[in-house]
Amino acid sequence: MSVLDEIEVGILLHLLEDPRSQIGDIADSLGVARNTVSSRMRRLESRNVLRSGGRDVDLSALGFDVLGFITLEVAHRELDPVLTALRSLDRVLEVHEISGRGDVWCRVVAQDTKDLHRTLRSILRIRGVLRTETSLALKEHLPYRIQPLLQGLLKPAR
């Protein structure tokens, strides 16, 4: 796994919080020189940690090679506490309340299957989670995108 130092983690957190941040703002908030931030950002980009113009983090470049989608069945009286507990798990990237089969859908990452198993066990220990079903992503064919949707808004209405 690619290890980040404190400055690199700080840069990534800053960019995720405010993608329009300038190098000077990031340097000031981290208490380091602008050149330090600039060189670390170049290094993150060269290691493919930062993509899409330096504002999107590629988790696989950091060693999180397993992407899973977990559907949870939840005791309905426990839904709010389950959602709160899921927020506390660092491997849980996204949570949606859903209709259909299951009640909650989560996107999770892990370094390997043992790490995924630990995350699943943590989810199953949450009071109110009755059962889970996990699907693993084998290959990304189309990354998350909104550009085509926005471009469609420019087309004249028919």
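This text walks through the sheet of a predicted model and the helix that packs on it.

Start with the sheet. Four strands form an open arrangement in the order β4-β5-β3-β6, and their pairing is antiparallel. β4 (92-97) and β6 (129-136) are the edge strands, each pairing on one side only. From one strand to the next, the twist averages 20°. In general, sheet strands pair through backbone hydrogen bonds, either parallel or antiparallel.

Now go across the sheet, beginning at β4. This strand pairs with β5 over 5 bridges, in the antiparallel sense. Val95 has Cys106 of β5 as its bridge partner. The hairpin of β4 and β5 has 6 residues between the strands. Gly100 in this hairpin takes a positive phi near 90°.

Next comes β5 itself. It covers residues 104-110. Of its 7 residues, 5 are buried, so the strand is mostly covered, given that buried means under 20% relative accessible area. β5 is joined to β3 by 7 bridges, and the two run antiparallel.

Strand β3 spans residues 66-74 and pairs with β6 over 7 bridges, again antiparallel. Leu72 is a useful residue to follow here. Toward β5, Leu72 stands opposite Val104. Toward β6, the bridge partner of Leu72 is Thr132.

Finally, add the helix. α5 (residues 113-124) packs on the sheet. The helix touches β3, β4, β5 and β6. Its direction makes about 155° with that of β6.

Conventions
Residues numbered from 1 in each chain as written. Predicted model: local features only at pLDDT ≥ 70, side-chain atom pairs only at ≥ 80, totals over all residues. Heavy atoms only, no water. Pairing = 2+ DSSP bridges. Axes fitted to C-alpha atoms, helices over the stretch in contact; angles between N-to-C directions. Contact = heavy atoms within 4.5 Å. Buried < 20%, exposed > 50% of the residue type's maximum accessible area, 1.4 Å probe, protein only.
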